[in-house]
Amino acid sequence: MPDLEEQIVAWRRQMATGGINSPSILDELESHLREDVERQMRDGISAERAFEVAVKKIGPARALKNEFKKSSVAGVLEKLMIAIAVLFVAFGVFLSTVTIFFCYASLGEQLIGFTAMGLIIATACGWPAFVPLLPIIPRKRKRQIIEVACLLAGLGLCTFYVQIILPHFERGPDRIIPGRTWTLPPVGRSPARPVPYLVRNAQDRRLALIVPRKPGSQSRDTSIIPVIGFFGLLPIAIGFGLACGLARAAQRAPEEITA
Amino acid sequence: MIPKELVAASAEALILSLLSKGESYGYAIIQEVRARSDNHLQWTDGMLYPVLHRMENNGWIKSRWVKMENGRKRKYYSLKKDGTRALDEQRAQWLKVHGVLTQLWGEQYA
């Protein structure tokens, strides 16, 4: 039988998963829960039974979340964040769709590109389901270190992919890297149509945006874009997702609020 | 048992009235309302907190964490000036409803 402290930690986590994310609200509900459990135990009820009754009296997280959302500033902020996230994803999907259509010549390559895009979006949307499986990290300091480590790992992973793996799949006079961050690399093919694309300069290894004048004519550089400016977006997005996921999952343990 | 709609409607007035007697915290507020109503007014415990937070956002009440002797923390709420004004308004409204009902029932059962 799990002891009371473990049950409270699991309950906090359950509430967080159900949408009660604010540590302050969770602390207050936990304080209430403990008071109720203690009072019942003074009346001779077992700890396990007292905990069950107290949890039931506080109610389910979803119902509470809806009540908190009705009036709180947090509710408005959450809606704003969701709107920004939807806009960001829509922009990414638009860019990827344009890229796949213009840079992938065959139907097979386009299908692979769209599948990759779908998988990435599904992974992003499925992230919350993964959160409850993550471990609890009671110490704030340790949690912050892990968040930063995840962010750096995400950055490193994507930089490795873009700088080391991706160039092996590209060919052409300047090792062309079309502007695709969300899709699979094409298999040994240059852009099929005259659309703007990115090139990595052989000398200084920086990226240039190439805008062809017309098919077959000499293209020219229009601007130089630092590597991090363009390809930094994806690693930051992934790293940020990892960090946020961990921060959400890693609820504070009871000993921290009583300290 | 009083239906939940009436319990919800009276929540703010009850909380403001209790806090006008001095600062208190969630669990104590629930226990006091329950005791004073002979268990007829029963909130789902968790539902008190969204109401308290809404009242705090309205500027009616303020809160502070207090460390107890056993090391635990409690969040205490107390009335602000705007809360006292809100309480006066709500008291006038409830007394009006009460007056009309008393008047009607007085006529009916006279």
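# Notebook: chain B, its sheet and its contact with chain A

**Entry 1, overview.** I began with burial in chain B, where buried residues make up 24% of the 110 residues. I note at the outset that this is a predicted model, so I looked up the confidence values before reading any detail. Chain B averages a pLDDT of 91, and 98% of its residues score at least 70. Among the elements of chain B, the lowest mean pLDDT, 91, belongs to H3(B), and the highest, 96, to S1(B). For the complex, the predictor gives an ipTM of 0.89 and a pTM of 0.53.

**Entry 2, order of elements.** I then listed the secondary structure of chain B, which comes to 4 helices and 3 strands, and which runs α-β-α-α-β-β-α when read from the N terminus. Looking at contacts in chain B with a separation of 6 or more, I found that 51% of them are accounted for by residues 24 or more positions apart.

**Entry 3, the sheet.** In which order do the strands of chain B lie in the open sheet? I read the order as S1-S3-S2, with antiparallel pairing. Strand S1 (24–25) and strand S2 (61–67) of chain B stand at the edges with a single partner strand each, so one side of each has no neighbour in the sheet. I followed the pairing of S2(B) with strand S3 (residues 73–79) of chain B, which run antiparallel and are joined by 7 bridges. Two of the bridge partners I wrote down: B:Val66 is matched with B:Arg74 in S3(B), and B:Arg64 with B:Tyr76, also in S3(B). S2(B) and S3(B) form a hairpin with 5 residues between them, and in the turn B:Gly71 has a positive phi of about 95°.

**Entry 4, helix H2 of chain B.** Which residues of H2(B) are buried? I recorded B:Gly26, B:Tyr27, B:Ile29, B:Ile30 and B:Val33. Seen down the axis of H2(B), these buried residues fall within an arc of 165°, so they line one face of the helix. I also looked up what covers them: the cover includes helix H2 (23–42) of chain A, together with helix H1 (4–19), S1 and H3 of chain B.

B:Arg34 is found in helix H2 of chain B as well, but B:Arg34 counts as partly exposed, because 14 other C-beta atoms lie within 10 Å and a buried residue would need 20 or more. Leaving out residues up to four places away in sequence, I found that B:Arg34 touches B:Asn39, B:Leu41 and B:Gln42. Just after H2(B), B:Asp38 takes a positive phi of about 50°.

**Entry 5, the contact between the chains.** I turned next to the contact, which takes 16 residues from chain B and 19 residues from chain A. On the side of chain B that touches chain A, helix H2 (26–36), helix H3 (48–57) and S3 of chain B each supply at least two residues. H3(B) gives the most to that side, with 5 residues. Sorted by class, the side of chain B that touches chain A has 4 nonpolar, 6 polar and 6 charged residues.

**Entry 6, helix H1 of chain A.** Does the length of H1(A) agree or disagree with what its 14 residues should span? At 1.5 Å a residue, I expected helix H1 (residues 4–17) of chain A to span 20 Å, and its end C-alpha atoms are 20 Å apart, which agrees. The buried residues in H1(A) are A:Ile8, A:Arg12, A:Met15 and A:Ala16. They cover an arc of only 100° around the axis, which puts them on the same side of H1(A). H1(A) is followed by A:Gly19, whose phi is positive, near 115°.

**Entry 7, A:Pro60.** Lastly I located A:Pro60, which sits in the loop between helix H3 (47–58) and helix H4 (61–71) of chain A. Because A:Pro60 has 14 C-beta neighbours inside 10 Å, I entered A:Pro60 as partly exposed. I also checked A:Pro60 against A:Gln14, which is 46 residues apart from it along the chain, and the C-alpha atoms of the two are separated by 9.4 Å.

Definitions and conventions. Residues numbered from 1 in each chain as written. Chains lettered and ligands numbered in written order. Predicted model: local features only at pLDDT ≥ 70, side-chain atom pairs only at ≥ 80, totals over all residues. Pairing = 2+ DSSP bridges. Contact = placed C-beta atoms within 7 Å. Nonpolar A, V, L, I, M, F, W, Y, C, P; charged D, E, K, R; others polar. Expected span 1.5 Å × (residues − 1). Buried ≥ 20, exposed ≤ 12 C-beta atoms within 10 Å, placed from the backbone. Arc of directions from axis to C-beta. pLDDT = per-residue confidence, 0-100.
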